[in-house]
Amino acid sequence: MKVTYYGHSCFSIEVSNKTLLFDPYISENPLAGDIDLKKIKADYILISHGHGDHVGDAIELARQTNATVIAAYEITNWIMNHGVTKTHAMNIGGHWIFDFGKVKCVNAIHSSSLPDGTYGGNPMGFLIEAPAGNFYYAGDTALHLDMKLIGDYKKIDFAFLPLGNNYTMGVDNAVIASDFIKCDRIIGMHYDTFDMIKIDHTESKKKFELAGKELTLMKIGETINMRQSVLS
Ligand code: NI
Ligand code: MN
C-alpha cells in the first residue's frame, strides 16, 4: 500500500486502487508549505474528529476531488451544511464495507468540536481492512485499554499513532499502545507541527527500537510502500 505524508496527521493511502485521505490539515500547516492542495487526489476523505487541525481543508478537498467524506454523524452533517453532498456518516463500534475494504470506527479518548464551535460528536479512530493489509489510524487519542480489543480483533499490519504529547499521548504511551494493538510497525503523526508537540526523532525511534518495534517518521511529501506483514 502506497502511503504519502502531507504533514501533521494527514496521509493518503492507496487501498484497492482507491485513494483514502485522512485528516487533511495542509494549507494552514506551517510545515506543509510545499504541498500543492490542488494536486491532491482522493476517493474518500476520512476525518477522525472535528478539530481544525483535522477537518482543515476537508471541505475544499471534497469539492475539488468529489470524494466521499467518512466521519462521525455530527461531522458529516456539518460538512453537508457547507455544501459537500457525498458523505457517509458513521459512529464508534460500527463498520461498513466500502468498495476498497472495511472501515471500523473505534474508540479514541479526546474531544471533538468543529472550528465554529459546533458539537462534533465523539472522536474516533479507524481500522481499515483490505485484501492488501489491515491498518489502524488512531486519530488524536490518549493511550486507552480499548486498544487491546483492536489488537485482539484483527492482525494489524501497520498503525498510525500520535506522538506529540500535550494534546494526545506521547512517545512512551505510543510504545505501549503498539503493544496493546500487537503491531510492530508504527508511522508517527501529530508531532512537530506546533511548539508544544515537538519530539526528538532519534530518541523516539530508539524507544520503539528498544521495544523491538520500528517507528517511521515520514518527510512531508514523501511516499513509502507499506507491505503486509508476514504471518508468524
Ligand atoms: Ni484534536
Ligand atoms: Mn489534533
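# A tour of charged pairs and two metal ions

Begin by selecting D157 and K155, whose side chains meet in a salt bridge with N and O 2.7 Å apart. Bear in mind throughout that this is a predicted model. The two partners differ in their surroundings, for D157 is buried at a relative accessible area of 2%, whereas K155 is partly exposed at 32%. Side chains of opposite charge can pair when their charged atoms come close. In the whole structure a search finds eleven salt bridges, and the next stops visit some of them.

**Second stop: D179 and K213**

Now select D179 together with K213, which form a salt bridge whose closest N and O atoms are 3.2 Å apart. Which parts of the chain does this pair tie together? D179 belongs to helix α5, residues 171-180, while K213 sits in the loop between α6 (201-210) and β13 (214-216), so the bridge joins parts that are 34 residues apart in sequence. If you show the surface as well, keep in mind that D179 is partly exposed, with a relative accessible area of 44%, and that K213 is buried, with a value of 8%.

**Third stop: helix α6**

Moving to helix α6, select K207 and E203, whose side chains form a salt bridge at 3.9 Å from N to O. Both residues lie in this helix, four residues apart, which is about one turn of it. K207 counts as partly exposed at 28% relative accessibility, and E203 likewise counts as partly exposed, at 45%. While you are in helix α6, add E209, which also has its place there and counts as exposed at 54% relative accessibility, because the value is over 50%.

**Fourth stop: a network around E129**

Next, select K102, E129 and K154, which are linked in a network of salt bridges. E129 is found in strand β9, and with a relative accessible area of 12% this residue is buried. The side chain of E129 makes a polar contact with the side chain of K154 at 3.4 Å. Which residues are in contact with E129, once its neighbours within four places in sequence are left aside? They are G101, K102, N134, Y153 and K154, so you may wish to display these five alongside E129.

**Fifth stop: the nickel ion**

Select the nickel ion (ligand 1) and then the residues that coordinate this ion, namely H49 through NE2, H51 through ND1, H110 through NE2 and D140 through OD, at 2.2 to 2.3 Å. The four donor atoms subtend angles of 87 to 178° around the nickel ion, which makes the arrangement irregular. Along the sequence, the donor residues of the nickel ion are spaced H-x1-H-x58-H-x29-D. Among these donors, H51 and H110 link distant parts of the chain, since H51 is in the loop between β4 (44-46) and α1 whereas H110 is in the loop between β8 (102-107) and β9 (124-130), 59 residues apart. H51 is buried at a relative accessible area of 17%, while H110 counts as partly exposed at 25%.

**Sixth stop: the manganese ion**

Now add the manganese ion (ligand 2), which is coordinated by D53 (OD), H54 (NE2), D140 (OD) and H190 (NE2), at 2.2 to 2.3 Å. The spacing of these donor residues in sequence is D-H-x85-D-x49-H. Within this site, D53 in helix α1 and H190 in the loop between β12 (185-189) and α6 link parts of the chain that are 137 residues apart, and both of these residues are buried. Which residue bridges the manganese ion and the nickel ion? With both ions displayed, look for D140, which bridges the two across their separation of 3.0 Å.

**Last stop: D53 and a look back**

Finally, centre the view on D53, which has its place in helix α1, residues 52-55. D53 is buried yet has no salt bridge, and the nearest side chain of opposite charge, that of K198, is 14 Å away. What you can display instead is a polar contact at 2.7 Å between the side chains of D53 and H8. Apart from its neighbours within four places in sequence, D53 is in contact with H8, Y25, D140, H190 and F194. To relate this region to helix α6, draw a distance between the C-alpha atoms of D140 and E209, which are separated by 23 Å and lie 69 residues apart along the chain.

Definitions and conventions
Residues are numbered from 1 along each chain as its sequence is written. Chains are lettered from A and ligands numbered from 1 in the order in which they are written. This is a predicted model: local features need pLDDT of at least 70, side-chain atom pairs count only at pLDDT 80 or more; totals for chains, interfaces and linings use all residues. Side-chain values use heavy atoms; hydrogens and water are left out. A salt bridge is a side-chain nitrogen of Lys or Arg within 4 Å of a carboxyl oxygen of Asp or Glu. Buried means under 20% relative accessible area, exposed over 50%, partly exposed in between (1.4 Å probe, protein chains only). Helices (H or I, at least four residues) and strands (E, at least two) are DSSP runs, numbered from the N terminus. Lys and Arg count as positive and Asp and Glu as negative; His and the chain ends are not counted. A polar contact is a pair of N or O atoms within 3.5 Å; within protein, one must be able to donate a hydrogen and the other to accept it, and residues adjacent in sequence count only if both atoms are side-chain atoms. Contact means heavy atoms within 4.5 Å. Donors are N, O and S atoms within 2.8 Å of the metal (3.2 Å for Na, K and Ca); water is not among the atoms, so sites may look incomplete. Four donors count as tetrahedral if all angles lie between 85 and 135 degrees; four count as square planar and six as octahedral if opposite donors are over 155 degrees apart and all others between 65 and 115; anything else is irregular.
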